[in-house]
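Here are my comments on the model you sent, set out as numbered points. Please read them with the sequence and the coordinates open.

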Amino acid sequence: MKAVGINLWYNAIVACLLAGFLSVPLKAQVTRFLVGTTNSEVAESIVVCELNEQKKTLTILQGLKAGKRPGYLSMHGNRLYAVSTDIQGENENTLRAFALEQNHGGYDLKLLSEVSSKGKNPCHISVDKNGSGLYAANYTSGSIVQYQILPDGSLGQNWYFQQFYGSSINSKRQQAPHAHYINITVDNKFALTADLGTDRVMVHQLDQQGKLQVYESQPHFDLPPGSGPRHLEFHTNNRWLYVLNELNSTITTVEYQNGKFKVGKTISTLPQDFKKVSKAAAVRIHPSGQYLYSSNRGANSISVFTIDENGDLTRVQTFSDGLGWVRD
């Protein structure tokens, strides 16, 4: 199989988001991972890739049919969960559960179930630490949904749905709520939703069964007006949370302890001399906890930050070689 560069891979099928790692022998210095796509014309819409660090090659191994535009993926064991723009009912899209099984050196994708996302254009999906609940954020309709995950990995009851309301100061992008991310805190006690449309991160508590609780007044913490929170990532010490803000290309540091969130510093993801339009997309932290990476669409780059003993960030590098519209 021919190895291709990252820029060629991106331009070929509009690569979207990295899902999870697949098991391969460590001695091979090889990592296999999945990539979703946002191109509706691609039949094999999830692709298995292999990164060989020794040979410095990136290879497309296999395509898997998973419905239209599985733009975000999440894995728990060998269960794969994906969003899709396939229609379910009126103005609702689809969430799918698959079993990913190895077969003669390749992989088979078996559909376990599909359900409505209860909203329009789901853009993020995640699974709790116990593999008992699936969460999805609907961008266009500004809502979130939680489904029960059954023992076989398929999706069961609709445990929770919430429609958000509100707006913020950006008249083009913040006229309404836009839920862009939902995931579980490291202690598995809360779920956090980044709402780009209201400059808020919503805080949802889980009950003893793992279901999201209903509040009369939704707890949240605010980000700077017009920032547009899009993506979150916890530090390896489980104490610091980093919020990536799309609209003004910034990262906000938040301290987390015992269910409390304290908003700290906000810094730019871009060099001072960059004056064009750019939109931040995703944030990741190195397993060592020493580095943070953010992607920039428009600047078409990835910025690298060091993390000091107080959780503060210092940008040390921004690189763009071979990169296109970097989403994650």
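1. Two strands are taken to pair if DSSP finds at least two bridges between them, and strands (E, at least two residues) are DSSP runs numbered from the N terminus. The model is predicted, so that local features need pLDDT of at least 70 and side-chain atom pairs count only at pLDDT 80 or more, while totals for chains, interfaces and linings use all residues. Residues are numbered from 1 along each chain as its sequence is written, and side-chain values use heavy atoms, with hydrogens and water left out.

2. An open sheet of four strands runs in the order E17-E18-E19-E20 with antiparallel pairing, and its edge strands, E17 and E20 (260-268), each pair on one side only. E19 and E20 are joined in the antiparallel sense over seven bridges, and Thr250 stands opposite Ser268 in E20.

3. The largest nonpolar core (buried Ala, Val, Leu, Ile, Met, Phe, Trp, Tyr and Cys residues joined through side-chain atoms within 4.5 Å; buried means under 20% relative accessible area with a 1.4 Å probe, protein chains only) has 15 residues, and Leu192, Val201 and Phe261 are among those that touch the most other members. Strands E14 (190-195), E15 (200-205), E17 (229-234), E18 (240-245) and E19 (250-257) each supply at least two residues of this core, and E14 gives the most, with three.

4. A second, separate core of 14 residues includes Val83, Ala97, Tyr147 and Ile149.

5. The structure holds zero disulfides (pairs of cysteine sulfur atoms within 2.5 Å). Cys49 is buried, at 1% relative accessible area, and Cys123 is also buried, at 10%.

Conventions:
Buried means under 20% relative accessible area, exposed over 50%, partly exposed in between (1.4 Å probe, protein chains only).
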